[in-house]
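Work through these short exercises with the structure in view. Each task is followed by its solution.

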Amino acid sequence: MGDRLTKLAISDEGFIFDPETGNSYTTNPTGLLILRMLKEGKGEEEIVKALTEEFGAEEEEARRDLYDFLEQLRAYGLVEGV
Amino acid sequence: MARRYEKPVIHRLHVGHTNKFGFASPYGAKVRKSIDGVPIEELVSRFGSPLFVFSERRLRQKFREVKNAFTLRYPHVELSWSYKTNYLDAIVAILHSEGATAEVVSEFEYEKARRMGIPGSKIIYNGPYKPIDSLRVAVSEGARINIDTFEEIADLERVADEVGKRPKVAIRVNMDTGIYPRWSRFGFNYESGQAWDAVKRIALGGKLDLVGLHCHIGTFILKPEAYEIETRKLVELAYRIEDEFGFKIEYIDVGGGFPSRNRLKGIYLPPEVAVPPIEEYAERITTALLNNLRPGDYPLLILESGRAIVDEAGFLITTVHATKRLPDGRRGYVLDAGVNILFTAFWYHFNVEVDREVSGGAEPCVLYGPLCMNIDVVEDRAHLPPLPRGTRLILSPVGAYNVTQWMQFIRYRPAVVLIGENGEVDLIREAEDISDIVSRERVPERLKPKS
Ligand SMILES: Cc1ncc(COP(=O)(O)O)c(C=O)c1O
C-alpha cells in the first residue's frame, strides 16, 4: 500500500496527520479500523472480515464500502492508484 | 460486535476554511420521515418510487395567502390559475374550488379548463399562437382574449364577422420595468409606441371591444418594485385609451412571476432571506393602482400567479440506487429520478431531505438521475452523509412546471399522489407503462415483426 500510509500519524480519536504534506484528516471508527489494518499490511479479506465481526456489517456492503474508502484515500493521494 | 456500523469516510481538514457550500450544515442531513403525517415508506410501498406527492393543505393555504394579500388591499381582485404551471386535473380542481378562474395559453389548455367545468367567460386566453379555430371557440364562448400580435387582431375581426359577436379583448403589453431579461417577444411594446399602434388598429377596425390590458413581466421576479412600475404604466395607458378612444378598460391583468421559496441557482442567500413575501408584491401593485386610478374607478385586478402558489405543495420522493466515487474525490449517487421529470433542476438547488437518520459526516456529493445521458444531474453540490442503497431522498419544492414540462424519455413517468386535508392519499396520475408510449404508433405492415 506504499510508504505514505505507513508514515501517517493516526490517533485513537480518528485524527490523522500526514507529516509529508502537513495535511490533516478525520475519519470515523470504521475508517480508523481500515487505516490501521492497511498500515499493518492486512488484505481485503481480512479487513472485510473485521468489519463484519466488529461492526456487524453485511459482507457485501462492507466490501463495497472498503472499495469506496480506498478510492477516497487515492483521491487524497494517501495511497497510490493502480 | 459492540459498535454500530457506519460507512467508512475520511475528510481532509481545512484550517480556517468555512463550508464553501454556504448553506448545508456539514454534519447531519435534514431528515423528513413523512409528508403531512403520511410516512414516506408507506407512500413508496403503495405507489412506488420515484413518486410525486402533492399536499392539498399546503396548496390551499398558499392560494389563500396570495389571495388575501391582494383582497385585503384592493376591492376588486381575480386570481386566474396559470394552467401551464400545473394542469393536473386534481390540482386545478382544488384551485377552482378556491375561486380561481383559468389562464390558458393553448387550445389544449382551453379544452382542459372547459372539461373541468370552467365556462368560457372565466377563461383568459393568452399566448403568441392562437389558431383561428381556437379563437372561434373562445369568442363564441365569451372567453377573455389577450391579443399578442397584429395578425391576431385581424384574425379576431374575421371571427367576429363569422360568429356575429363583438369579442371583448385586451392587448398584452411588454415594457421596461428594470427587470432583465425583458420578455419583449410577447405582446406589444410600450415604450416604442407599438402598444399604442395596436390600440389605434383595434379602434380603426371597429369590430372588437378593448376592455383590458395585460402584461406578464417574467418569472421568479425578486424585485417587487418592478410590479409598481408595471402597474403604473398600465394604468396610464388605460386612461389614455379611455380618453382618446372611449373604450372602458375593465381589467388590468398584471400577470404572474412571483417567486416561490426555492433556491435559484446563482443566488446564494437562502430563500427565506432572498425571496420577498407576497405581501410586498401586493403592496407595490395595489399602491400603484390606488395612487394612479381616478376617484371611484376600481377596475378588476387580475393576477396569474403560478409557481408562487403551487411550487411548495409538491415533493418528489426518489431512491438511492447506487453510489460511486468520482475521480475528484466526491461521491456520486445514482437516483431513480432524473431531469426528464424534474425540469426545474436546471434552475433550482432543491431542498434535499433524507428519510432516516444516517450517521457519518456530510460530504460533498453529486446526485445523478437514472438516464444514460451526461446532462442528467439533479444536484451537483449536495452535502450529505454516506447514504446506504435504498435510502429515500425527498426533493422540494417541485410543484411548479415539473408535472407539465416533464417528458417521457428513456423511462416511464412516475405516479403522482395527493394527500388530502384529512391525511387521505389518492392517486391523481397513474405511473405510465408501455401502452402510453406505443398506443399512437403505427408500424407499416411490411415492417411488422414476423412471429
Ligand atoms: C402569461 C403568463 N401568465 C402567467 C404565468 C405564470 O408565471 P409564474 O409561474 O411565474 O407566476 C406565465 C408563465 O410563464 C405566463 O406566461
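**Exercise 1.** Find the bridge partner of A:Thr27 in E1(B). Then state how the two strands pair.

*Solution.* Start at A:Thr27: its bridge partner in E1(B) is B:Ile10. This is a predicted model. Now widen the view to the strands. Strand E3 of chain A covers residues 24-27. E3 of chain A and E1(B) run antiparallel to each other, paired over 4 bridges.

**Exercise 2.** Describe the extent of the contact between chain B and chain A.

*Solution.* Take the residues first. Chain B brings 20 residues to the contact, and chain A brings 31 residues. Next, take the area. About 2200 Å² is buried between the two chains. Carbon and sulfur atoms give 51% of that area.

**Exercise 3.** Test B:Lys7 and A:Glu61 for a salt bridge, then count the polar links across the interface.

*Solution.* The cut-off for a salt bridge is 4 Å. The N to O distance for B:Lys7 and A:Glu61 is 2.9 Å, and their side chains meet in a salt bridge. Across the interface of chain B and chain A there are 4 salt bridges. The polar contacts there join 17 residue pairs, both residues at pLDDT 80 or more.

**Exercise 4.** Which elements of chain B give two or more residues to the side that touches chain A?

*Solution.* They are strand E1 (10-13) and strand E15 (314-325) of chain B. The largest share, 4 residues, comes from E1(B). Finally, sort this side of chain B by class: 8 nonpolar, 3 polar and 9 charged residues.

Notes
Residues numbered from 1 in each chain as written. Chains lettered and ligands numbered in written order. Predicted model: local features only at pLDDT ≥ 70, side-chain atom pairs only at ≥ 80, totals over all residues. Heavy atoms only, no water. Contact = heavy atoms within 4.5 Å. Buried area = accessible area lost by both parts, 1.4 Å probe. Polar contact = N/O pair within 3.5 Å; in protein donor to acceptor, adjacent residues only side chain to side chain. Nonpolar A, V, L, I, M, F, W, Y, C, P; charged D, E, K, R; others polar. Pairing = 2+ DSSP bridges.
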